[in-house]
Amino acid sequence: MPKLKAHLFICTSCTYQRPDGTESSPEEAHCLRKNLKNRARECFSKDLVKVSASTCLGECESGIASVLYPKGEWMLNLRIEDEEKLFRKLIDEIS
């Protein structure tokens with residue numbers, strides 16, 4: 001059985017203030033996680049890479065938060081537009 005090389009947790013409770021002053025919806029974080037999970041499934045074995053939803057990671061004031069293991073690398077203040085950046089982090093982690 002292959003060893004898990006990367007596990008990305010994305011807080012699906014996080015919201016953030018948009019530039020226009022409105023509050024984002026947690027649905028944006030759900031969508032970000034879903035898109036990344038689908039891409040990971042297409043490109044990697046589920047035994048090598050996992051993308052999971054998390055409840056509060058304690059960094060809500062920083063927008064959507066995520067943490068990538070095994071490095072324990074935090075990425076804060078994320079937006080749906082950061083999908084590609086996070087996917088590149090997964091690729092780098094398993095390389």
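**View 1. Helix α1 has E28, A29, L32, R33, L36 and A40 as its buried residues.** Buried here means under 20% relative accessible area, exposed means over 50%, and partly exposed is in between, with a 1.4 Å probe and protein chains only. These residues sit on the same side of α1, because they cover an arc of only 135 degrees around the axis; the arc is that of the directions from the helix axis to the C-beta atoms. Turn to the other side of α1 and you find E27, R41 and E42, which are exposed. The helix itself covers residues 26–43, so it has 18 residues, and from first C-alpha to last it reaches 26 Å, close to the 26 Å expected at 1.5 Å a residue. That expected span is 1.5 Å times one less than the number of residues. Helices (H or I, at least four residues) and strands (E, at least two) are DSSP runs, numbered from the N terminus.

A word on what you are looking at: this is a predicted model, in which local features need pLDDT of at least 70 and side-chain atom pairs count only at pLDDT 80 or more, while totals for chains, interfaces and linings use all residues. Residues are numbered from 1 along each chain as its sequence is written, and side-chain values use heavy atoms, leaving out hydrogens and water.

**View 2. Strands and a second helix help to cover the buried residues of α1.** The cover includes β1 (6–11), β2 (49–54), β3 (64–69) and α2 (83–94). Now look at the largest nonpolar core, which has 21 residues. A nonpolar core is a set of buried Ala, Val, Leu, Ile, Met, Phe, Trp, Tyr and Cys residues joined through side-chain atoms within 4.5 Å. Its members with the most contacts inside it are L8, I10, L36, V51, I64, L86 and L90. At least two residues of this core come from each of β1, α1, β2, β3, β4 (73–78) and α2. L90 makes a good place to pause: setting aside neighbours within four places in sequence, L90 is in contact (heavy atoms within 4.5 Å) with A6, L8, V49, V51 and L68.

**View 3. Four strands make an open sheet in the order β2-β1-β3-β4, with mixed pairing.** Two strands pair if DSSP finds at least two bridges between them. At the edges are β2 and β4, each pairing on one side only. Neighbouring strands are turned by 20 degrees against each other on average, direction ignored. Helix α1 packs on this sheet, where it touches β1, β2 and β3, and its direction makes about 165 degrees with that of β2. Axes are lines fitted to C-alpha atoms, for helices over the stretch in contact, and angles run from 0 to 180 degrees between N-to-C directions. Strands β1 and β2 run parallel and are joined by six bridges; here A6 stands opposite V49 in β2.

**View 4. β3 and β4 run antiparallel, joined by four bridges.** S66 is found opposite M75 in β4. The hairpin of these strands has three residues between them, and G72 takes a positive phi near 75 degrees. The loop between β3 and β4 also holds P70, which a cis peptide bond joins to Y69, with omega about 20 degrees. Most residues other than glycine have a negative phi, and most peptide bonds are trans. N77, in strand β4, is not a glycine, although its phi is positive at about 60 degrees. N77 is partly exposed, with a relative accessible area of 46%.

**View 5. C14 is a buried residue in a loop, with a relative accessible area of 1%.** Its loop lies between β1 and α1. Leaving aside neighbours within four places in sequence, C14 is in contact with S25, P26, A29, C60, G63, I64 and A65. C14 and L86 are 72 residues apart along the chain, and their C-alpha atoms are separated by 16 Å.

**View 6. S54 in strand β2 and E59 in the loop between β2 and β3 close the tour.** S54 counts as buried, at 14% relative accessibility. Not counting residues up to four places away in sequence, S54 touches F9, I10, C11, T12 and S13. E59 is partly exposed, with a relative accessible area of 25%. Leaving aside its neighbours within four places in sequence, E59 is in contact with A65, W74 and L76.
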